[in-house]
Amino acid sequence: MGAALQWTPALSVGVAAVDEQHQELFRRAERLIVALRLGDRGEVLPLLAYLDEYVAHHFEAEEALMRAARFPGLEAHAADHRRFRDDFAAMVRDFGRTGPTALVALTIHNWLSDWLRRHIGGVDRELGQYLAARPR
Ligand SMILES: [Fe+2]
Ligand SMILES: [Fe+2]
């Protein structure tokens, strides 16, 4: 099994609204992974859509924050968001072909866990530091 799909305080970006969204992302990702392991296709499809919908909402909220703060790293950060959505769409297509196999469950679990920890612990935290240092 991959690493736990859990938000931890080490992933805090120091902006409460963003931290709450990240916690919700982890909750939705965890539900998806549980359903994938149980192997119920009828459960997995709506949970894929449920996660994707929240990801879109969260990325839009973060990009709006970056625009409002004139964050200089906006373009690169938004590009990472787009890559996530493209890769996620590719995984949903793979899932459509293979169904909920153990391999698909593990692949999606590892990918989600790695991506969330790398992105949130990296560029999202940089954004949080920028927002905290900005004069008000
Ligand atoms: Fe982000
Ligand atoms: Fe984020």
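**Notebook: a four-helix chain**

I began with helix α1 (residues 16-38) and helix α4 (residues 102-133): their axes come within 10 Å and cross at roughly 175°. Angles over 145 degrees count as roughly antiparallel, so α1 is roughly antiparallel to α4. A reminder to myself: this is a predicted model.

Next I looked up who touches whom here. On the α1 side I found Val18, His22, Leu25, Phe26, Ala29, Ile33, Leu36 and Arg37. Their partners in α4 are Val104, Ala105, Ile108, His109, Leu112, Leu116, Ile120, Asp124 and Gly128. I sorted the residues of this contact of α1 with α4 and got 12 nonpolar, 3 polar and 2 charged.

Then I stepped back to the whole chain. I counted 4 helices and 0 strands, and along the sequence the pattern reads α-α-α-α. The C-alpha atoms fill a box of roughly 50 × 25 × 20 Å along the principal axes. I also checked the radius of gyration: the chain has 16 Å, which agrees with the value near 14 Å for a compact globule of 136 residues. Buried residues make up 21% of the 136 residues. Of the contacts with a separation of 6 or more, 70% join residues 24 or more positions apart.

My next stop was helix α3 (residues 74-98), which packs with α4 at an angle of about 170°, their axes 12 Å apart. These two helices are therefore roughly antiparallel to each other as well. From α3, I noted His77, Asp80, Phe84, Met91, Asp94, Phe95 and Thr98 in the contact. They meet Val104, Ile108, Trp115, His119, Val123 and Leu127 in α4. The tally for α3 with α4 is 8 nonpolar, 3 polar and 2 charged. I was pleased to spot Val104 and Ile108 again, since they also appear in the contact with α1.

I stayed with α3 a little longer. Its 25 residues reach 36 Å from the first C-alpha to the last, close to the 36 Å expected at 1.5 Å a residue. Is α3 mostly buried or largely in the open? The number buried is 2 of the 25 residues, so α3 lies largely in the open. Just after α3, I found Gly99 with a positive phi of about 75°.

Last, I visited Arg70, in the loop between α2 (41-68) and α3. Its phi is near 50°, a positive value in a residue other than glycine. Arg70 has 9 C-beta neighbours inside 10 Å, so it counts as exposed; the cut-off is 12 or fewer.

Note on methods
Residues numbered from 1 in each chain as written. Chains lettered and ligands numbered in written order. Predicted model: local features only at pLDDT ≥ 70, side-chain atom pairs only at ≥ 80, totals over all residues. Axes fitted to C-alpha atoms, helices over the stretch in contact; angles between N-to-C directions. Parallel < 35°, antiparallel > 145°, perpendicular 65-115°, else oblique. Contact = placed C-beta atoms within 7 Å. Nonpolar A, V, L, I, M, F, W, Y, C, P; charged D, E, K, R; others polar. Buried ≥ 20, exposed ≤ 12 C-beta atoms within 10 Å, placed from the backbone. Expected span 1.5 Å × (residues − 1). Rg over C-alpha atoms; globule rule 2.2 N^0.38 Å.
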